[in-house]
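I opened this notebook page to record what I looked up in the structure, going from one residue to the chain and then to an annotated span.

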Amino acid sequence: MSDIFEGLEKEYTALSVSLGQKVTALSRGSAAYDREANIATAEEELSQADDLLQQMELEARSVGVKERPRLQTRLKGYKSDVSSLRKEIKEARAEVKREQLMTGGRSPPEHADQEQRLLQINERARRGTEKLRQAQATALEAEAIGANIMNDLRSQRETIMHATGTLQRANEGLMRGGKVLGSIGRRALANKLLMWLMILLLALMILLLMYLELFGGKKGGGGKHANSTRGRSLQQDDRL
């Protein structure tokens, strides 16, 4: 449990005991002005109890999820007790007002200053309670805004992670495509070189054939002419 919550709870317990005693005293037979003074004091302590419960509620919201339900259950019981005390004080004040109306609303002079001071204290307590409630409303609003911001950041984080995964997959696809294109380019270059080599070989073979056709035929004709001349010379010698 939070140390702050325990401190507030102890303070509330002491205040609740004091408040219960004052409420019990209101039911006893006493003068109207005495009861009115006790009612003013009880209302001031009741306002303090409300402030403590509001602080305890804020502290309970800041604890862990597992411990929060137990603290909220205790707070619910405290609020119920305060509500009962408030009802009793309200009934006691209504009774005092009825008695004052019946007696003309006169109070002894020695208690006039005390009643005025108690009224001033009660007014200051009321203003303090109102300020605390406004601060609580502001804190709750800030908490809601913070929760919305966290939800937005969580959503943006998921979107960024999804986009990052998509970009990574696209990058991997581009790398694979680059490898495929590189392999195709290398095969195309090898095929091109092979084609030029075959063209070169065919050109060499054609040139070789042309050379043999041109120069190989002339050599063969000269040899036949020399053999014919030699044959005719031999025939003339035989005739002689």
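Before listing any neighbours I fixed the term: a contact here means heavy atoms within 4.5 Å. I also noted at the outset that I am working with a predicted model.

Entry on Gln54. I looked up where Gln54 sits and found it in helix 2, which covers residues 32-61. Setting aside the neighbours within four places in sequence, I found Gln54 in contact with Leu132, Arg133 and Gln136. I then asked myself whether Gln54 counts as buried or exposed. Its relative accessibility is 12%, and because the cut-off for buried is under 20%, Gln54 counts as buried.

Entry on the chain. I went through the secondary structure and found four helices and zero strands, so that I could write the order of elements from the N terminus as α-α-α-α. For the contacts with a separation of 6 or more, I noted that 82% are between residues 24 or more positions apart. Turning to exposure, I recorded that buried residues make up 21% of the 240 residues in the chain, and that the accessible surface of the chain comes to about 17,900 Å², with 60% of that surface belonging to carbon and sulfur atoms.

Entry on the annotated span. I checked UniProt, where an unreviewed entry lists residues 193-212 under "transmembrane region". In the model I looked up the same residues 193-212 and found the span to be 100% helix and 0% strand, with its end C-alpha atoms 29 Å apart.

Key
Residues numbered from 1 in each chain as written. Predicted model: local features only at pLDDT ≥ 70, side-chain atom pairs only at ≥ 80, totals over all residues. Heavy atoms only, no water. Helix = DSSP H or I, 4+ residues; strand = E, 2+ residues; numbered from the N terminus. Buried < 20%, exposed > 50% of the residue type's maximum accessible area, 1.4 Å probe, protein only. Areas by Shrake-Rupley, 256 points an atom, 1.4 Å probe, with all protein chains shown as cover. UniProt positions renumbered as here; feature names shortened; annotations may be inferred.
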